[in-house]
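Thanks for coming, everyone. Let me put the model on the screen, and then we'll walk through it.

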Amino acid sequence: MSDQDPDIWSGIDALWTWLESNRPLGGQQDLLLRLLKLSEEVGEVAEAVIGAMNQNPRKGTSHTWDDVRSELCDVVITALVALRTLTPDTREVFDRHLAGVMERSLGPR
């Protein structure tokens with residue numbers, strides 16, 4: 001990783017700060033819309049998979065698997081920014097939750 005590559009957590013904080021300074025509504029409405037944005041991004045993953053698998057006869061092969069990967073990254077980023085909106089301790093909350101999921105799935109380490 002070069003000096004110019006973003007660290008995931010500083011990148012999430014920077015995006016959250018930018019969104020916070022450009023909030024059109026504020027309050028609970030802004031929070032709700034930020035959470036709903038996640039559903040929009042997941043829908044874009046579905047659209048890209050359908051397009052990559054040529055499953056829309058009207059559009060044909062409209063996407064690639066690179067598009068799917070890109071949309072999945074957007075889902076992860078959107079989810080982490082939404083989590084940052086709910087707590088400033090984003091990294092700790094995520095790490096703790098990941099450790100719990102890993103323990104449930106993989107057993108104690």
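Let's start with a question: is the crossing of α3 and α4 right-handed or left-handed? It is right-handed. One caution before I go on: this is a predicted model.

Stay with that pair of helices. α4 covers residues 90–106. The angle between α3 and α4 is about 115 degrees. Their axes lie 9 Å apart. Who makes the contact? On the α3 side, look for L80, L83 and R84. On the α4 side, look for T90, V93 and F94. Sort those residues by class, and you get four nonpolar, one polar and one charged.

Now step back to the whole chain. How many helices and strands does the protein chain have? Four helices, and zero strands. Reading from the N terminus, the order is simply α-α-α-α.

What about overall dimensions? Along its principal axes, the C-alpha trace spans about 45 × 45 × 35 Å. The radius of gyration is 17 Å. For a compact globule of 109 residues, we would expect a value near 13 Å.

Next, the largest pocket. It holds about 260 Å³ of space. Three elements each give two or more residues to its lining: α1 (8–21), α2 (27–52) and α3 (65–86). Which element gives the largest share? That is α2, with four residues.

Let me name the lining in chain order. It begins with L15, L19, N22, R23 and P24. Then come D30, L33, R34 and K37. I77, T78 and V81 complete the list. By class, the lining has six nonpolar, two polar and four charged residues.

So, two places to look at on the screen. One is the right-handed crossing of α3 and α4. The other is the largest pocket, with α2 as the main contributor to its lining. Thank you.

Note on methods
Residues are numbered from 1 along each chain as its sequence is written. This is a predicted model: local features need pLDDT of at least 70, side-chain atom pairs count only at pLDDT 80 or more; totals for chains, interfaces and linings use all residues. Side-chain values use heavy atoms; hydrogens and water are left out. On a 1 Å grid over the protein atoms alone, a cavity is a set of points where a 1.4 Å probe fits but cannot get out, and a pocket is an open set with protein on both sides within 12 Å along at least five of seven lines; lining residues have an atom within 4 Å of a point. Grid points are joined across faces, edges and corners, and a volume is the space filled by probe spheres set on the points. Ala, Val, Leu, Ile, Met, Phe, Trp, Tyr, Cys and Pro count as nonpolar, Asp, Glu, Lys and Arg as charged, and the others, Gly among them, as polar. Axes are lines fitted to C-alpha atoms, for helices over the stretch in contact, and angles run from 0 to 180 degrees between N-to-C directions. A crossing is left-handed if the near helix is turned anticlockwise from the far one by less than a right angle, and right-handed if clockwise. Contact means heavy atoms within 4.5 Å. The radius of gyration is taken over C-alpha atoms; the globule rule is 2.2 Å times the number of residues to the power 0.38.
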